Amino acid sequence: MFSVVVPVFNEEEVITETYKRLSGVMQGMAEPYELIFVNDGSRDKSAAIIAGFCEADKNVRLINFSRNFGHMSAITAGMEYASGDAIFIIDADLQDPPEIFPQMADKWREGYHVVYGQRKKREGETFFKKASAKIFYRFIKRMTHIEMPVDTGEFRLIDKTVNDAVKKLPEKSRYIRGLVSWVGFKQTAIMYVRNERFAGQTKYPLGKMVAFAMDAVTAFSYKPLKAATTLGFLISIASFIYIAVILFQGLFTDTTVDGWASTMGVILFTQGITMMILGLMGEYIGRIYEELKNRPVYIVQETLGFDENH
């Protein structure tokens, strides 16, 4: 049996087309399946539309959150409710084509536990979006201590064994692709062209992408803290050299330093670096604080289409 996990947030313009394409692909695979739509606190008619699918199609499930908990939380819920031997994860916006599900399934039958979609081209996106995405993926790869493939998102197939392993991980701030990479197992890629969004607006503007990058780095790497230590050490050395030069000029030469511009420049620079390092430490402390509160990753308001075991 296959499960398809689809996080949804304000996707009323595209959700019907998403359901049609997913259903068509899964029916063509001639295997039992379930479509799990996770409504992440949508404020439009997405939940009502999906509820209609549940009434008409026994293969459709709906999880309604009590509010918006975020993309990663929605995927987490879908993975925890999924009952398939293999689980597809795909966004509702149809940028990632469900038509390559059969290719992913073939790789899974060959013995791979994770088959992730790797983008070879991104259509319908601005130069800035493409460039920032390219930098983002390579930055994450360089900063984290686990092997995470570039140009990939959550679009993938994962085996039930991998899903069970990820569900055991206790952290609350969940970076799914990082967790899937961390647990290991046999993984491979399928190259594909990412399509232009079918309808609606992107849910990941620049600000969210930056926050997402910080979550990814702080979840899987201490390199920023080590870099901050190194930077502080280098600035200290430079400061001592600067002081030595000033003392030498004052004691052994007639050179005088007029004004305070250079001094203030150095002070402001070092203070800026100090604030940056404190902010970085705050990110890690904030993550510790979130973990210690031990609140649930999401709260389910209601479910439709599931059996009594859920």
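**Strand β3 and its surroundings in the predicted model**

Strand β3 and strand β8 (residues 300–304) run antiparallel and are joined by four bridges, strands being DSSP runs of E with at least two residues and helices DSSP runs of H or I with at least four, both numbered from the N terminus. Two strands are taken to pair if DSSP finds at least two bridges between them. In this arrangement, Leu62 stands opposite Leu304 in β8. The model is predicted, so that local features need pLDDT of at least 70 and side-chain atom pairs count only at pLDDT 80 or more, whereas totals for chains, interfaces and linings use all residues. Residues are numbered from 1 along each chain as its sequence is written, and side-chain values use heavy atoms, with hydrogens and water left out.

Strand β3 (residues 60–65) is largely enclosed by the rest of the structure, because six of its six residues are buried; buried denotes under 20% relative accessible area, exposed over 50%, and partly exposed the range in between (1.4 Å probe, protein chains only). Cover is found on both faces of β3: Val60, Leu62 and Asn64 are buried on one side, and Arg61, Ile63 and Phe65 on the other. β3 also pairs with strand β2 (residues 33–39), in the parallel sense and over five bridges. Here Val38 stands opposite Ile63 in β3. The connection from β2 to β3 passes through helix α2 (residues 46–56), and this β-α-β crossover is right-handed, that is, with the strands pointing away from the viewer, the path from the first strand over the helix to the second runs clockwise.

Helix α7 (residues 176–183) is likewise mostly covered, with seven of its eight residues buried. These are Ile176, Arg177, Gly178, Leu179, Val180, Ser181 and Val183. Gly184, which follows α7, has a positive phi, near 85°.

At the surface, Leu234, Ile237 and Ile241 make a nonpolar patch of about 270 Å². Patches are made of residues with over 30% relative accessible area and no salt bridge, nonpolar side chains (Val, Leu, Ile, Met, Phe, Trp, Tyr) being joined within 5 Å and like charges within 9 Å; a salt bridge is a side-chain nitrogen of Lys or Arg within 4 Å of a carboxyl oxygen of Asp or Glu. Ile237 lies in helix α9 (residues 223–252) and is partly exposed, with a relative accessible area of 37%.

Overall, the protein has 10 helices and eight strands, and 45% of its 310 residues count as buried. About 16500 Å² is exposed, of which carbon and sulfur atoms supply 60%; accessible areas come from the Shrake-Rupley method with a 1.4 Å probe, and for residues only the protein chains shown count as cover.
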